[in-house]
Amino acid sequence: MPQTPSRHSRRRLLKALAIGASLPAALGFYAWQVEPFWPEFHELPMPVPNLPAAFEGARIAHLTDLHIFNGASREYVSGVIRQVNRLKPDAVLLTGDLVTLGRNYVKEACEVVSTLVPKTFISFGNHDYAREKVDGREVDVADEMEARLTAAGFTVLRNRPVQWQRGGEKIWIVGMEDLWSGRFYPGTAFASIDSPEPIIAMSHNPDTAPAVDNFNPAWILAGHTHGGQIRIPGYGAVLLPIQHKEWQQGCFKLRSARLYVSRGIGFLARARFCCRPEVAIFTMTRGA
């Protein structure tokens, strides 16, 4: 005669079913409300061949993909920037997508970025190129942001280099226009470099890395991928907007340069899973 399940067994079964039913909801809540706003600040070495002595130990914060498009994202990115200011890097390199295409937060994005305290170099990403209305004027977004950020004291690099001077010595910082903008011309960007000091290049889309690498930079800093935003354990990123799928996130050695692809700060669809936003803080050292 079959035995009737005990009351204790039924309770265990009901508890297991409740946990199983609630797990997807909990994971969904985490991916929507927690991880997109849980940035990782991590320190990384940046070995640079022939680094001038004055730059030994200099710290660079790499920001990318802010994607300011509403009040919540503005508040969140403002908090990230406050933390960067507290960490006191010697420079910030910001590699684009300050705004989200079509959301018209140009003024707000420039205001948030303008709270950065360290010396800051800025290049643009694909979302930073459009025509939008700002204060009743139809403007080119990249041109408008360049004007506002330059007036605030920041260095905007669009296919051009600039010297970063420290202790009487210098290195070069080169910023590219974005690949998808149709204005990406690395030959123009590197043409006016007239001395052999090391070069740090900023290029939003990692698909540009082979072309940029031809000009022998020590490092290329990129973003654009968001690391995939949603990463399935054992599989990887679900969606990547690049051709070189191997350059999803992290550091890669090219022929001349090291390429660093950041997961970025912001997001498009509000979801991240196994792919926290990040701010890399590099410490420059003399090395190969």
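Where does V80 lie? Select it and see: V80 is part of helix 2. Keep in mind on this tour that you are looking at a predicted model.

**Stop 1: V80 and its surroundings**

With V80 still selected, ask whether this residue is buried or exposed. V80 is buried, because its relative accessible area is 2% and buried means under 20%. Now show what is around it. Setting aside neighbours within four places in sequence, V80 is in contact with P39, F41, I265 and V279. Then add E40 to your selection: V80 and E40 are 40 residues apart in sequence, yet their C-alpha atoms are 9.9 Å apart in space.

**Stop 2: the largest nonpolar core**

Next, select L98, L116, I122, M145 and L149. Of the 34 residues in the largest nonpolar core, these five touch the most other members. Colour the elements that give two or more residues to this core: strand 2 (59–63), helix 2 (71–87), strand 3 (91–95), helix 3 (106–113), helix 4 (141–151) and strand 16 (278–286). In general, nonpolar side chains in soluble globular proteins tend to be buried together.

Zoom in on L116. Not counting residues up to four places away in sequence, L116 touches L63, I81, V84, N85, V92, L94 and F154. Another core, of 24 residues, lies apart from the largest one; among its members are M46, V48, V162 and I171.

**Stop 3: helix 4**

Which residues of helix 4 are buried? Select V141, A142, E144, M145 and L149. Look along the helix axis: these residues cover an arc of only 160°, so they sit on the same side of helix 4. Their cover includes helix 3, strand 4 (119–123), strand 5 (131–134), strand 6 (137–140) and strand 7 (155–156).

Now visit both ends. At the start of helix 4, a side-chain oxygen of D140 comes to within 3.2 Å of the backbone nitrogen of A142. After helix 4 comes G153, with a positive phi near 100°.

**Stop 4: an open sheet**

Finally, turn to an open sheet of six strands, in the order 8-9-10-11-15-14, where the pairing is mixed. Its edge strands are strand 8 (160–166) and strand 14 (250–253), each of which pairs on one side only. Ignoring direction, neighbouring strands of this sheet are turned by 20° against each other on average.

For a closer look, select strand 9 (residues 169–175) and strand 10 (residues 199–202), which pair in the parallel sense over four bridges. Which residue of strand 10 does W172 stand opposite? Your last pick is I199.

Note on methods: Residues numbered from 1 in each chain as written. Predicted model: local features only at pLDDT ≥ 70, side-chain atom pairs only at ≥ 80, totals over all residues. Heavy atoms only, no water. Core = buried A, V, L, I, M, F, W, Y, C linked by side-chain atoms within 4.5 Å. Buried < 20%, exposed > 50% of the residue type's maximum accessible area, 1.4 Å probe, protein only. Contact = heavy atoms within 4.5 Å. Pairing = 2+ DSSP bridges. Axes fitted to C-alpha atoms, helices over the stretch in contact; angles between N-to-C directions. Arc of directions from axis to C-beta. Polar contact = N/O pair within 3.5 Å; in protein donor to acceptor, adjacent residues only side chain to side chain.
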